[in-house]
Amino acid sequence: MKLHFGNGLLKGMLVTIKQNLRHPTVTQYPEQRLNTSRRIRGQELVWNKTRCTGCATCAKACHQGAIQIVTATNTENNKYEVETYRVDTGYCIQCGICVEACPYDALFMGARYEKAKYRRAELVENKEQMADSLDRPVSGYFHPERAEKLPVQTLLVEKINEDRSKE
Amino acid sequence: MALHTEPFILNIGPVHPSTHGVFRIRATLDGEVIVDIEPVFGYLHRGVEKLAEQRTYTGIIPLTDRMDYITSMSNNLAYVLAVEKLAKVKVPERAEYIRVIMAEMQRICNHLVAAGAFINDCGAFFTPFLYMFREREKLMDLFEMVSGQRLTYNYMRVGGVSQDLPAEFLPALRKFLKEMPAHIAEYERLINDNEIFLARSRMIGILPKELAINCGISGPVARASGVKWDLRKADPYGIYDRFEFDIPTGTVGDANDRYTVRIAEMKQSLRIIEQAVEKIPAGPVISDVPKVLHPPVGEAYGHLEGPKGELGFYLVSDGGIAPYRFHVRPPSLINLTALRQMLIGWKIQDAITIFGSIDITMGEVDR
Amino acid sequence: MTELFANPWFHWAFYTVLLISFALGAVMGLIYIERRGMGRMQSRLGPNRTGPFGLLQAVADAVKVLLKEDIVPANADKVVHWLAPIVAFVPVLLIFAVVPFMNGAMLADLNIGILYVFAIGSISSVGIFMAGWSSSNKYSLLGAMRDVASIVSYEIPLVLAIIGVVILAGSLSTNEIVKAQANIPFILLQPLGFIIFFAAACAEINRSPFDLLEADSELVAGFHTEYSGMKFAMFYLVEYAEALAMCAIISTIFLGGWQGPVLPPWLWFLVKTFGMFYVMVWTRTTFPRVRIDQLMALAWKFMLPLALINIVVTAIEVVIWPTPAGLPWVLIIVNFAVAGILIVTWSRLMKYGWGRVETTLR
Amino acid sequence: MEIERPHIYPDIAIDRAEGKVINDLKIASQPIIPDPDKWLDSELEKNMFLTTVDAVINWSRRSSLWPAICFPACCAFEFIATNGPRFDLSRFGMEILRASPRQADLMITAGTLTWKMAPNVRRIYDQMPEPKWVIAMGACAISGGTFASASYATVPGYNHIIPVDVYVPGCPPRPEGLIYGIQMLQQKIAKRSLADKA
Amino acid sequence: MTVALAGKDIGPQIEKALPGSVLESAPGYVMLKPEFLVQAATFLKNDPAMAFDYLNFVTAVDYYDYFEAVYQVTSMTHNHTLMFKTRCYNRVDPVIPSIINVWQGADFQEREVYDLLGVYFEGHPNMKRIFLWEGFEGHPLRKDYL
Amino acid sequence: MLTDYGYVALFGVVALLLALSMVLIPFALRFIGVVPHNPNSVKTSTFECGMETIGKTWVQFNFRYYFYALLFVAMDVLIIFLYPFAVGLRKLGSFGLTAAIILIFIVLVGYVYAWKKRTLEWK
Amino acid sequence: MGLAISFWILAAVAVIAALGVVLLNGVFRSALALVACFLMVAGLYITLSADFLAAVQVLVYVGAISVLIILAIMMTRNVQHGNPGNRFALPSLIIAILLLGIFVYAVTGTQWNISKIAPPDTTVATLADKLFASNGFVLPVEIAALMLLAAVIGAIVLARDK
């Protein structure tokens, strides 16, 4: 238990200065983007209108009560039709339990995470905003068949290719 | 002499850079020396126990994620263990291995944060903290790959885990296991011998062994005081009896011992993961459990060796879909029991260091 | 041109403008170096969005802070609260008056140059104390108290460490000291003095690992907790200007100032100053903060006796070899050996676990 | 709160006083504070000089946002991760975390707000010098998240306590999501004009 | 493996040491009379065969008719564990003796129980609200709260 | 020599004006509305981690610290003696050296006494 | 000319600061005024070509003595209001007037000799010669050291925990 000033201090300084020569692990976000996990639970839900039967299992499974679903009977073809399907993304905690619960594969976790809004009311998404479309990537959470098609996740343990121009 | 210092009350927290959240110490100071403290809790009391009484057994798992948000996997696991004990559910072999891997990864994750924050509290300008966060990011990647979220995993289920490991998980984990020891060595070079760090942390905030046991302190804090008590050895839940590892203990019980025990535990966790990765069998990951669980009437206390100490869940079931009583044994809260004895007589700077060495998460302290 | 410089008014005006623009401009540079350098050492990048390579980051910060609301706490001592940044700022600028940029290129070549630096520098601490005291905030008050503690302890080793250099140079004038280093910079002749001076200077200007007054992990923001807007920016400026001043002084008295081959003298001076600052950034990134009583113990029990021994050793050497014509290499070896032995043996006197106080109040 | 030398351990008087503050605030902050979106969509007719001045001022303000420390819960760790070596908030000049609100511009409310904490957050916000902005990070900050549904202790969203400029959903949001939110805030600041306020 | 001692075996031993202290010896737990709680706890801690030196947790459950305080203790020397309980039938202001002088670990947990369930632990030096603030009405974990 | 001090003094005046202007520019800008200024009682109250301060903020400090200041003054005076010695050492030779060593030694007696009496510990 | 201007400015500020020491209400402000006064006196030394003395004045008085005073202030209980008037007001006034009279008498009565020798160029080297050379004031210097020793020991005795 003796102190020698110097030895430990110098060792530490060597580590920090070596770090200077190493490649920083930064992903410069707006320009460079990480491939997210194939199972990503992004900040949105994607809803497939054609598959949904309006059974409201998701709404029941959601312990948050964030999903609001109203169905009405369509008298023409004698089927239930979803009138409103609304999720408050500011209230949803992306636990994925609704996706797990959906018996008809009609609900997916979305892969997008850039959902910041200026106003509270804009965070409530209705069925048009949630609808399944091409520009809205769907994550493979609980849907392994979809996960396979998604790009492989970028990992920090692998070397990330970085654009060093903007340092 | 008639001239003496006036004691005054200083609020350290709730919004203070090194109270690890929103803890508040109401300290009575004599100059810089702490004469008396009163810990004030509850700035993050969100009523988890009340909420849990209104939710299904599966619906509680996201809640446990948010309790100790640094160690979500361990929380999930502890809760799931308690429910399995209550409902007497068997877990498939592969799931057991996945659970061990996850729990130990989470332990490394937590100790990285704990050690980094502790050195930060000693006054290092973020450097070790950021280095450790860099490695934590690698773990985050792996967790995200498995569960889809970076922090709140919601991965364990009663009777197994929610999804199988993706194909690219094990190679990535092996790679991580290969490079992590070098990083730990780097931290040790960076800070372990640093004289200032030693002077700041050695012989500071000594927690005697008897006091630690009497206060119910568990985990690395107790082990640093020389209490050789690890539930993974003492009460091996899951399949922990199949792995070979040591329990690092400290000798003095000072802040430095707590730090070194954490670093040593990381190495042991790496050992466990290595063994688990080698032996992991193929097979199903979740047993046949009804979607809405109705455990029989009764009570169960399931606990595990969480990264911060003994994390337990005490559940009382009345046969319904929601637990009748849901109680958490929070290691963070109970580890603070001896805080007053540890802090009095030290200066503010030491108080911050000692507090940092205990490693708490407010989400779990207050729930 | 020389005639123009012979005119005292022109000389004054030229150097005043030069010094102020140098101080302010270099401070921006220092902030940039610190943030980028520290970023790289912490395995990240540092500011790189604002302007090319993030060069305008400090400018943006300055403009923003200038336009920030200025809050004066209601129960503060308002006059002192207003005066404190000024009292802290002016002396720091005054230090630059005796910094030689080139041979004789300085505002005033004072006979007592080095002594002037420390005399003026000590006023700055009064400003910091005023800030901490007048804010009427307990954290600030603790910061102020620590300020007193650090003045009391670090002034002495700082001033003592220089005496060795003064003995070698035989003058107090900064320009003369630089001239005396034509053959060999004093860092090689005074290794112990340099280490003590560097540590004490870090403490004097409150840089890590001695940044106790504004220790953000303990005292929120220390003495300037209650300062906002431009007045806070002035303390920020003072911190870096002091660092700049100290680096300039270190490069002047230990590293040979403007002396150096090939490059023009002023560039040498700048390179040495900024290099010194980089070392400060480096130590800041690496070291944890010391505790207040360890700071005191380090000053009083470690650096003070070592500085005195250093003076005596240097004095004896100078008396034995009044003109060390062929001897510097011997002196270098001797002095390094003395420094090494002293540091190792003396640090054994330090021990862990001071600090617990038995309080009588309970 | 003037209490004479209260260094005896359980001082219930301080607790009572603080409890009263909390209860008062709880009663007072039932309505939601509207989002400060006044200058968001408005493209005012500006004269040339003012526009240039605005541009410079807004540029400086948006390029040096110093966050205040307000890290109650989970999102704090995503915020630190954002600040960390992978996502590196310091690229935007935001690595200077000010522990003292006096020197901060931006409050990133990372975590659940409880009623016990609410007066403190309100106070910290009040003590920040103007101009100041708030980013509500995560579900708890926006609406109370998981804990809003039945909990007796949680504030259902920071906008009951302080005005919120940008909402970043997620539980917790990914670091990229937060950076996106910060960039949205920067765009919002860029639209601000001196003329609007007067 | 930690042995969970059956209440059936331990109950009679406590009863032998402290006559009249045990209400019920169930397989999973021992039900103690509140008056004897501290003495029984001291016995459990100090008896060399028991040596329960470590208190896992303290909590209470609201069963409408009564409050049940639950204690789980572990012996680190023998590596066995025991759960014991006690009941309090007063609903208006329930009081249970505090065991803080036996195991200091009960400190915050008893305060927590007081805060959330309203069970007052007599003998605790600092029995006040811990998570909620002074002036909060009611005890939220009670089944009749809201 | 006095010219040099004249430079310094005038430079000091300019520095003072600069510092003053730095404080006063935001103050002036406040009136044209560029710098906001809306004080209220909460904003101008003391910051203490988001809590109200308890008790008064200017508190009394311990007497022990006074000793340090006294020792500091003594040491400062010693240093003042050492500076002329250092400048003139080459001329003074061994006589001056002996005188200075005696000087240091005498003061060090007090210093060692203080160390032994454990008064050098900051409590 | 320049000297005269600077003298008057320095003297005026010094007197104002000295008055501030006495008249200001807060103890802390008084201490600051004292620091200002010390600084002005240092300036006066410079006008007298005593640059080393000026530096010493700043270093010791502004750097050290002010810290001493500030510490003394930190120990007072009522910092903001200072001393209330007490019954010693009248006697102290009389003593002050008497002292002032003596000083004025002494100053006016003294024959002020003005040296014809130009001030030395390097004061420090000259001082070194005077203090440490074999024909200089070595003994007084050592006696001064003894005084410092006495001060240190006195401080230890004062600060000792009773």
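Start by selecting Pro191(C), Leu192(C) and Ile195(C) in helix α9(C), and then add the residues of α13(C) that they meet, which are Asn335(C), Phe336(C), Ala339(C), Leu342(C) and Ile343(C). Sorted by class, the residues of this contact between α9(C) and α13(C) are seven nonpolar, one polar and no charged. Keep in mind throughout the tour that this is a predicted model.

Now show the two helices in full, taking residues 191–204 of chain C for α9 and residues 328–347 of chain C for α13, whose axes come within 8 Å and cross at roughly 50 degrees. Because an angle between 35 and 65 degrees counts as oblique, α9(C) is oblique to α13(C).

Next, keep chain C in view and select chain F, so that the interface of the two chains can be examined. The contact takes 67 residues from chain F and 86 residues from chain C, and the two chains bury about 6,800 Å² between them, with 78% of that area on carbon and sulfur atoms. In chain F, select Phe11(F), Trp58(F) and Tyr83(F), the residues that lose the most area to chain C and that together make up 12% of what that side buries. How many salt bridges does the rule find across the interface of chain F and chain C? The number found there is zero, while the count of residue pairs in polar contact between chain F and chain C, both residues being at pLDDT 80 or more, is four.

Staying with chain F, colour α1 (2–29) and α2 (64–116), each of which supplies at least two residues of the side that touches chain C. Of the elements of chain F, α2(F) gives the most to that side, with 23 residues. By class, the side of chain F that touches chain C holds 49 nonpolar, ten polar and eight charged residues.

Move on to chain B and chain D, where 45 residues of chain B are in contact with 43 residues of chain D. The area buried between chain B and chain D is about 3,900 Å², and carbon and sulfur atoms give 64% of it. Across this interface the rule finds six salt bridges, and a salt bridge to display is that of Arg24(B) with Glu18(D), in which the closest N and O atoms are 2.8 Å apart. Between chain B and chain D there are also eleven residue pairs in polar contact, with both residues at pLDDT 80 or more.

On the side of chain B that touches chain D, select β2 (24–30), β3 (33–40), α1 (48–52) and α5 (127–147), each supplying at least two residues. Here α5(B) gives the most, with eight residues, and the whole of that side of chain B divides into 22 nonpolar, eight polar and 15 charged residues.

The last stops concern the backbone. Most residues other than glycine have a negative phi, and most peptide bonds are trans. In chain B, go to the loop between α5 and β4 (156–157), where Asn154(B) lies; the phi of Asn154(B) is near 55 degrees, a positive value in a residue other than glycine.

Then turn to chain D and find the loop between α4 (118–127) and β3 (133–137), which holds Pro131(D). A cis peptide bond joins Glu130(D) to Pro131(D), with omega about -5 degrees. Finish at Pro172(D), in the loop between β4 (166–168) and α6 (175–190) of chain D, where the peptide bond from Cys171(D) to Pro172(D) is cis, with omega near -10 degrees.

Terms used
Residues numbered from 1 in each chain as written. Chains lettered and ligands numbered in written order. Predicted model: local features only at pLDDT ≥ 70, side-chain atom pairs only at ≥ 80, totals over all residues. Heavy atoms only, no water. Axes fitted to C-alpha atoms, helices over the stretch in contact; angles between N-to-C directions. Helix = DSSP H or I, 4+ residues; strand = E, 2+ residues; numbered from the N terminus. Parallel < 35°, antiparallel > 145°, perpendicular 65-115°, else oblique. Contact = heavy atoms within 4.5 Å. Nonpolar A, V, L, I, M, F, W, Y, C, P; charged D, E, K, R; others polar. Buried area = accessible area lost by both parts, 1.4 Å probe. Salt bridge = Lys/Arg side-chain N within 4 Å of Asp/Glu carboxyl O. Polar contact = N/O pair within 3.5 Å; in protein donor to acceptor, adjacent residues only side chain to side chain.
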